[in-house]
Amino acid sequence: SDAALKYQWKANGEKIGTNSTTLAIPGAAVGKAITVEVTATGYEGNLTTSATNAVAKKAVTATVGTVSKVYDGTAAVETADRTLTITKVNASDDITVTAPSAKYNDASVNIGKTITLGDLSISGTAADWYDVTAPTTVTGTITVKALTDATVTVGGTYTYTGTEQTP
């Protein structure tokens, strides 16, 4: 009769996975050598595969989309503009990259302003699979704030004298 095979997957010798002929390698196994031990019911001994090379993280450089805000007197980058994108191995990979302390070099209105990102925050179930590098250059724009509902009232009587008048 045919032997019933059992499979025990290991990462650096520690048991992972279930009794299956294939393994979806978990993020916790990144950087570890993977082996599988096969045993057969009714047979003596077992067969262990040679170790794979350690599973390596995917190196990617994050990118930033258009960064822009209306002048508010601060150098802070808007929260929505602090999320960066990466090219994922699988589109469904759950990974989020943000720059919590992103800021413009100053608060003045201008285009092409340098933005400093600070440390990146990487989260999600696929975060262990990626080695994310920040972009080297990020620029953005601070646009002019529109003046609204401004009423200026000038009162009094002035006679031209050739000098500046004080109301």
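# Strand pairs and salt bridges

Trainee: How many bridges pair strand β1 with strand β2 (residues 14-16)?
Mentor: β1 and β2 run in the antiparallel sense. Two strands count as paired if DSSP finds at least two bridges between them; strands are themselves DSSP runs (E, at least two residues), numbered from the N terminus. For β1 and β2 the number of bridges is three.

Trainee: Which residue of β2 stands opposite tryptophan 9?
Mentor: The model is predicted, so local features need pLDDT of at least 70 and side-chain atom pairs count only at pLDDT 80 or more, while totals for chains, interfaces and linings use all residues. Residues are numbered from 1 along each chain as its sequence is written, and side-chain values use heavy atoms, with hydrogens and water left out. On this numbering β2 covers residues 14-16. The residue of β2 opposite tryptophan 9 is isoleucine 16.

Trainee: What phi does asparagine 12 have in the turn between β1 and β2?
Mentor: β1 and β2 form a hairpin, and two residues lie between the strands. Asparagine 12 belongs to this turn, and its phi is positive, at about 50°.

Trainee: Which residue of β3 stands opposite glutamine 8?
Mentor: β1 (residues 5-11) also has a second antiparallel partner, β3 (residues 34-40), to which seven bridges join it. Within this pairing, the residue facing glutamine 8 is glutamate 37.

Trainee: How many residues apart in sequence are lysine 10 and glutamate 37?
Mentor: The side chains of lysine 10 and glutamate 37 form a salt bridge (a side-chain nitrogen of Lys or Arg within 4 Å of a carboxyl oxygen of Asp or Glu), with N and O 3.5 Å apart. Lysine 10 is in strand β1 and glutamate 37 in strand β3, so the pair ties together parts whose separation in sequence is 27 residues.

Trainee: Is lysine 10 buried or exposed?
Mentor: The classes follow relative accessible area: buried is under 20%, exposed is over 50%, and partly exposed is in between (1.4 Å probe, protein chains only). The relative accessibility of lysine 10 is 19%, so this residue counts as buried.

Trainee: How many salt bridges does the structure hold?
Mentor: Besides the pair of lysine 10 and glutamate 37, aspartate 72 meets lysine 69 with the closest N and O atoms 2.9 Å apart. Aspartate 106 likewise meets lysine 113, at 2.5 Å between the closest N and O atoms. The number of salt bridges in the structure is three.

Trainee: What relative accessibility does lysine 113 have?
Mentor: Its salt-bridge partner is aspartate 106, which is partly exposed at 31%. Lysine 113, in contrast, counts as buried, because its relative accessibility is 5%.

Trainee: Which residue has its backbone oxygen 2.8 Å from a polar side-chain atom of lysine 69?
Mentor: Lysine 69 is placed in strand β6 and is buried at 4% relative accessibility, whereas its salt-bridge partner aspartate 72 is partly exposed at 40%. Leaving out residues up to four places away in sequence, lysine 69 touches (heavy atoms within 4.5 Å) several residues, including Glu78, Tyr104 and Thr141. The residue whose backbone oxygen lies 2.8 Å from a polar atom of the lysine 69 side chain is alanine 76.

Trainee: Which residue of β8 stands opposite leucine 84?
Mentor: An open, antiparallel sheet of three strands has the order β7-β8-β11. Its edge strands, β7 (83-84) and β11 (121-123), each pair on one side only. Two bridges join β7 to β8 (residues 96-98). Opposite leucine 84 in β8 stands valine 97.

Terms used: Helices (H or I, at least four residues) and strands (E, at least two) are DSSP runs, numbered from the N terminus. A polar contact is a pair of N or O atoms within 3.5 Å; within protein, one must be able to donate a hydrogen and the other to accept it, and residues adjacent in sequence count only if both atoms are side-chain atoms.
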